[in-house]
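Please walk through this model with attention to its charged side chains, taking each one together with its partners and its surroundings.

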Amino acid sequence: MRCFVDTNIIIDALAVRKPFYESARLLLIVGALKDLDLRCSTSQLTDIFYLLTAGSGTRSPEEAKAAMKLLLRCVSCVPLREEGVRRALDSDWEDFEDACVLQRALDSGCDALITRNKKDFHHAPIPVFDCEELFAYIRQEYSLEYAEVDF
């Protein structure tokens, strides 16, 4: 299953934002195992770096770079092409960034979009899940259960 991961999910994992951290981290682990084909856009990486390091960010630039290198083991990056930007601009979506996220997901052939802001994507033509809903869907449809185990 190919899933586009919204920035908020990645920040939840990399910035250890409770109570969302555990499910976001598990999603990235599943991506690293290649059980899910997780995607994000190249432009999200600059946003993520900024959010991790500036303002209320808690990471040094070196720490943020190290975290992002690990992220790239879990997700593939896809570009937003000009035609996707034009479709986002021509859409009736008020939030341009969300419209661009959706276009990236559609252009890269994603089956679903993973976000904590589901209400922002209520008109999306593909399923939109938060992490918990995605894992419930996988459990129901594929009889697979993902959980971290202690060794």
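A convenient place to begin is arginine 139, which has a relative accessible area of 37% and therefore counts as partly exposed. The model is a predicted one, and in it arginine 139 forms a salt bridge with glutamate 145, with 3.3 Å between the closest N and O atoms. Glutamate 145 has a relative accessibility of 54%, and because exposed means over 50%, this residue is classed as exposed.

Salt bridges can also share partners, and in this way Arg2, Asp37 and Arg39 are joined into one network. Within that network, arginine 2 and aspartate 37 form a salt bridge whose closest N and O atoms are 3.3 Å apart. Arginine 2 belongs to strand S1 (residues 2–5) and aspartate 37 to strand S2 (residues 37–41), so the pair ties together parts that are 35 residues apart in sequence. Both ends of this bridge are partly exposed: arginine 2 has a relative accessibility of 30%, and aspartate 37 has a relative accessible area of 27%.

Another salt bridge links aspartate 120 with lysine 119, again with the closest N and O atoms 3.3 Å apart. Here the two partners fall into separate classes of exposure, since aspartate 120 is partly exposed at a relative accessible area of 27%, whereas lysine 119 is exposed at 63% relative accessibility. Counted over the model, the salt bridges number eleven.

What, then, of a buried acidic side chain that has no salt bridge? Aspartate 6, in the loop between S1 and helix H1 (7–14), is such a case: it is buried and has no salt bridge, and the nearest side chain of opposite charge, that of arginine 104, is 6.8 Å away. Because a salt bridge requires a side-chain nitrogen of Lys or Arg within 4 Å of a carboxyl oxygen of Asp or Glu, the search for a partner turns to other polar groups. The side chain of aspartate 6 does make a polar contact, at 2.8 Å, with the side chain of threonine 115.

The loop that holds aspartate 6 leads into helix H1 (7–14), and eight of the eight residues of H1 are buried, so this helix is largely enclosed by the rest of the structure. Among its buried residues are Thr7 and Asn8, the run Ile9, Ile10 and Ile11, and also the acidic Asp12. Just after H1, the backbone at valine 16 takes a positive phi of about 50°.

Acidic residues also occur together at the surface, where Asp47, Asp92, Glu94, Asp95 and Glu97 gather in a patch of negative charge. Glutamate 94, one of the members of this patch, is placed in the loop between helix H5 (82–90) and helix H6 (96–107). With a relative accessibility of 83%, glutamate 94 is counted as exposed.

A last acidic residue, aspartate 130, sits in the loop between strand S5 (128–129) and helix H7 (131–142). Its relative accessible area is 23%, and aspartate 130 is therefore partly exposed. The comparison returns to aspartate 37 of the network described above: aspartate 130 and aspartate 37 are 93 residues apart along the chain, and their C-alpha atoms are separated by 16 Å.

Note on methods:
Residues numbered from 1 in each chain as written. Predicted model: local features only at pLDDT ≥ 70, side-chain atom pairs only at ≥ 80, totals over all residues. Heavy atoms only, no water. Patch = residues over 30% accessible without salt bridge, like charges linked within 9 Å, V, L, I, M, F, W, Y side chains within 5 Å. Areas by Shrake-Rupley, 256 points an atom, 1.4 Å probe, with all protein chains shown as cover. Lys, Arg positive; Asp, Glu negative; His and termini not counted. Charge placed at Lys NZ, Arg CZ, Asp CG, Glu CD. Helix = DSSP H or I, 4+ residues; strand = E, 2+ residues; numbered from the N terminus. Buried < 20%, exposed > 50% of the residue type's maximum accessible area, 1.4 Å probe, protein only. Polar contact = N/O pair within 3.5 Å; in protein donor to acceptor, adjacent residues only side chain to side chain.
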